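Let's take a walk through the charged side chains of this one. Have a look at the model first, then we'll go pair by pair.

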Amino acid sequence: VKTAATGRLFFLTELQGFESAESLQYRIASNDRDAEARYFMAANCVLAGEMEAAMELLLQVIMLDRSFRDDGGRKALLKVFDMLGSTDPRVAPYRRRLFTSLH
């Protein structure tokens with residue numbers, strides 16, 4: 001429970017003063033290379049409990065711009081993994097995809 005709360009706090013802090021989800025969706029739709037919009041949309045998804053959508057967006061961030069927010073896509077994805085826990089069946093496939101995208 002502590003890990004999930006810490007993770008939620010991280011994503012809440014990331015979104016402080018940032019654009020609405022609707023605005024981020026518009027940015028993603030109009031620019032398929034916008035890593036920032038994907039990153040913050042992923043944070044919105046985490047807070048809405050849409051973990052698979054969040055993991056998908058964070059993988060896209062990693063593939064678009066590995067240096068974004070000092071490897072922020074990977075770090076945020078690892079936080080999502082921690083929030084879900086290693087026994088969650090959604091974690092293993094995304095862990096494999098993360099590994100593949102990094103190597």
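Which residues are linked in a network of salt bridges? Keep in mind as you look that this is a predicted model. The network is made up of Glu19, Arg27, Asp34 and Glu36. Pick out one pair from it: Arg27 and Asp34 form a salt bridge, with 2.9 Å between their closest N and O atoms. Both of these partners, Arg27 and Asp34, are buried.

Now move on to Arg69. Its side chain meets that of Glu14 in a salt bridge, at 2.8 Å from N to O. Arg69 sits in the loop between helix H4 (51-64) and helix H5 (72-84), while Glu14 belongs to helix H1 (residues 2-15), so this pair ties together parts that are 55 residues apart in sequence. The two ends of the bridge fall into separate burial classes: Arg69 counts as partly exposed because its relative accessibility is 41%, between the 20% and 50% cut-offs, whereas Glu14, at 16%, is under 20% and therefore counts as buried.

One more pair is worth finding on the screen. Arg66 and Asp71 join their side chains in a salt bridge, 2.7 Å from N to O. Here the arginine, Arg66, is partly exposed, with a relative accessibility of 37%. Its partner Asp71 has a relative accessible area of 13%, so Asp71 is buried.

And the overall tally? How many salt bridges does the count come to? The count is 9 salt bridges, and the ones between Arg27 and Asp34, Arg69 and Glu14, and Arg66 and Asp71 are among them.

Technical notes
Residues are numbered from 1 along each chain as its sequence is written. This is a predicted model: local features need pLDDT of at least 70, side-chain atom pairs count only at pLDDT 80 or more; totals for chains, interfaces and linings use all residues. Side-chain values use heavy atoms; hydrogens and water are left out. A salt bridge is a side-chain nitrogen of Lys or Arg within 4 Å of a carboxyl oxygen of Asp or Glu. Helices (H or I, at least four residues) and strands (E, at least two) are DSSP runs, numbered from the N terminus. Buried means under 20% relative accessible area, exposed over 50%, partly exposed in between (1.4 Å probe, protein chains only).
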